[in-house]
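Reader: Hi! I'm in my first year and still learning to read these pictures. Could you take one part of this structure and walk me through it slowly?

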Amino acid sequence: MKPIREQIKDKPWLGWAIFLVTIVAVFLLGLLASSVMERRAEAVFAYTPKVQHEPTEPRNEVWGQNFPKEYQSYMKTKDTTFASKYNGAAMIDMLEVDPRLVVLWAGYGFAKDYNQGRGHMYAVEDIHNTLRTGAPSDEKKSPMPNTCWTCKSPDVPRLMAEMGPAEFYKGTWEQKGPEVMNAIGCADCHDSKTMNLKITRPALVEAFERMGKDINEASHQEMRSLVCAQCHVEYYFDKKSHPGSPYLTFPWDKGMSVEAMEEYYDEIEFSDWTHKLSRAPMLKAQHPGYEVYLTGVHAKRGVSCADCHMPYKSEGGVKFTDHHIQSPLNNVANSCQVCHREETASLVQDVYERQDRIIENRDKLEELIVRMHVEAKTAWDLGATEEQMKGILTDIRHAQWRWDYAAASHGGSFHSPVETGRVISTGITVAQEGRIKLARLLADLGHNEEVPYPDIATKAKAQEFIGLPVEKLQSEKNEFLKNVLPQWKEEGKKREAGYTVSMK
Ligand code: HEC
Ligand code: HEC
Ligand code: HEC
Ligand code: HEC
């Protein structure tokens, strides 16, 4: 080939063509560079504080001005449209889905109403609405203590900073009503100065201390689960350690397994309530989600809650943590497929298969425990003595504790299917042993036939069976929502208007 200089001499238009192509290329390169710079500027912009607020600022929208991407994605926890086979973002009336629960919780608040959780942004609204918190008014108190607010709001760390945790827990639920306004948020998990993850709930720190561990030594990856373990855990209200204050405590001193916590509760003779039918001293498992997760293969391989429920996301060239905390099945590409190469449908199927298998036996265990409560009631009615009932009531307590530990560890049948299955089968064993004792006792008392299974086909029928005046409770609640709640909100707004927020 001839040198380019000579080619241009032969065909002068070629020179112009090269010149034009070069200009276009330079122009495009310039555009690209400027777009990259702009994105960079955006990234820096997103992390340059625009406002300065107090460290205890509870309002997500104030923090959100400094971190719009995290804030906007967090606000998506308001979206209730996604539904998976058993879970999802919508509220599900679990007593309607499974009326056996009404009988299992007879005599306790959960028999009044129990919904499967929604997104974090509903935490305060849902605790206002549930029948469990009652309908406090000028004349009447709530049946629940202030401790119930603990896992609902970033107003909690603010109040604890003002008065200390023991004082915060004191008194009944309505007393802190006007103080707790904001749904779970930034100040629950972050330090406002550094934005590092932070444990804001003393119960978790204290549980670690009693186990001889220092939570400040947790690794960054562990912190990505421990922030969730502030709330998604088993707990109880200790009425002895701080007189006058139902002190939030995690029962982990002997370990986190279903047996270790059972032994802990038995030793201190703790019970949440006395069952209305069987009179057994019952335990209500809260939601040992973290404890069960720890026994699963993902935890063993160092996968954190945030890896699946808060995966990274890219927008406009900026990588950030997606704060839309939800079922990972609504986001398989960013959560599971970061590590697994399988198709979405196959990963979802993996989850459903584990859930189906666990639920099959969980439902059998529920039926056995319903039978135990009804049979125990029959025995009492026939004149059984405390002495005769003692061992049976312990079996009922233990069987139901095991069922609840498995059922209430939300996500447990995927987080750790083997452990969840094991816990349910130990529950079935305990229930069977208890029912043999019951059959013998009933025969001794002259009742030698099957105690009929109650007609509890719907929530309404089950609530009628245990004698719960739901309509009255609901109309009182409506009064509360209409008359008392607006006053709380007004008081809250006034207080918040006084917080210092300055532009940077
Ligand atoms: C301050 C307490 C608190 C902390 C911290 C917390 N949660 Fe929650 N979480 C809740 C409560 C309360 C609900 C139920 C809200 C409702 O139903 O109104 C909930 C609901 C959920 C749900 C169900 C949402 C849905 O759409 O079905 C998931 C999933 C969840 N949390 C995961 C997490 C993860 C992961 C973390 C840690 C990164 C975490 N949570 C930290 C209290 C907390
Ligand atoms: C339930 C706990 C939780 C809540 C509530 C929460 N975050 Fe986060 N946040 C996390 C976790 C976990 C990470 C990942 C941190 C890491 O790995 O270092 C994170 C990371 C961040 C980061 C670091 C940059 C990034 O995107 O990774 C910022 C900024 C942030 N969050 C802002 C917020 C803001 C603003 C809010 C309130 C609207 C908020 N967070 C609410 C748990 C939470
Ligand atoms: C950060 C990486 C990571 C993420 C994210 C992740 N996994 Fe895994 N997964 C693993 C590892 C590691 C194992 C263990 C496999 C091994 O060690 O051979 C595992 C094991 C499994 C198993 C087999 C274990 C069992 O319980 O039977 C299933 C099923 C599974 N993952 C599904 C999922 C699904 C569904 C998601 C999304 C919701 C997901 N994984 C998210 C890393 C991950
Ligand atoms: C390997 C991925 C993975 C890890 C790690 C993980 N989860 Fe999950 N989680 C899931 C999947 C999958 C489901 C089932 C979702 C469904 O059925 O829609 C689930 C369900 C849940 C639910 C019930 C959600 C609902 O819609 O009601 C909660 C709450 C939850 N997880 C919290 C946590 C917490 C807290 C941790 C850490 C202690 C954690 N998860 C760790 C994948 C994970």
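**Ligands and the helices beside them**

Author: Sure, let's begin with ligand 4. In this predicted model, ligand 4 is surrounded by 26 residues, and the closest are Ser84, Asn87, Cys305, Cys308 and Gly411. Helices H14 (289–294), H16 (305–309) and H19 (412–415) are the elements that each give two or more residues to that shell. H16 supplies the largest share, four residues. Sort the shell around ligand 4 by class and you get 14 polar, 11 nonpolar and one charged residues.

Now hop over to ligand 3. It has 16 residues around it, and Arg301, Pro328, Cys336, Cys339 and Asp350 come nearest. Here the elements giving two or more residues are helix H15 (297–300), H16 and H17. So which one gives the most to the shell around ligand 3? That's H17, with three residues. By class, the shell around ligand 3 holds 10 nonpolar, three polar and three charged residues.

H17 is a good one to follow further. Here's a handy idea for that: two packed helices are described by the angle between their axes and the distance between the axes. H17 (residues 344–381) packs with helix H18 (residues 386–407) at an angle of about 155°, and their axes are 10 Å apart. Angles over 145 degrees count as roughly antiparallel, and that is why H17 and H18 get that label. The crossing of H17 past H18 is left-handed. On the H17 side, the contact is made by Arg362, Leu365, Glu366, Ile369, Met372, His373, Ala376 and Ala379. H18 brings Met389, Ile392, Ile396, Ala399, Gln400, Trp403, Ala406 and Ala407. Look at the numbering in those lists with this in mind: an α-helix has 3.6 residues a turn, so residues three or four places apart point the same way. By class, the contact of H17 with H18 has 12 nonpolar, two polar and two charged residues.

H17 also packs with H20, this time at an angle of about 25° with the axes 9 Å apart. Under 35 degrees counts as roughly parallel, so that is what H17 and H20 are to each other. Their crossing is left-handed. The residues of this contact split into 14 nonpolar, seven polar and six charged.

Last stop, H20 itself. With 28 residues (417–444) at 1.5 Å a residue, H20 should span 40 Å; its end C-alpha atoms are 41 Å apart, so the two agree. After H20 comes Gly446, which has a positive phi, near 90°.

Notes: Residues are numbered from 1 along each chain as its sequence is written. Chains are lettered from A and ligands numbered from 1 in the order in which they are written. This is a predicted model: local features need pLDDT of at least 70, side-chain atom pairs count only at pLDDT 80 or more; totals for chains, interfaces and linings use all residues. The expected span of a helix is 1.5 Å times one less than its number of residues. A residue is near a molecule or strand if its C-beta atom, placed from the backbone, lies within 6 Å of it. Ala, Val, Leu, Ile, Met, Phe, Trp, Tyr, Cys and Pro count as nonpolar, Asp, Glu, Lys and Arg as charged, and the others, Gly among them, as polar. Axes are lines fitted to C-alpha atoms, for helices over the stretch in contact, and angles run from 0 to 180 degrees between N-to-C directions. Angles under 35 degrees count as roughly parallel, over 145 as roughly antiparallel, 65 to 115 as roughly perpendicular and the rest as oblique. A crossing is left-handed if the near helix is turned anticlockwise from the far one by less than a right angle, and right-handed if clockwise. Two residues are in contact if their C-beta atoms, placed from the backbone, lie within 7 Å.
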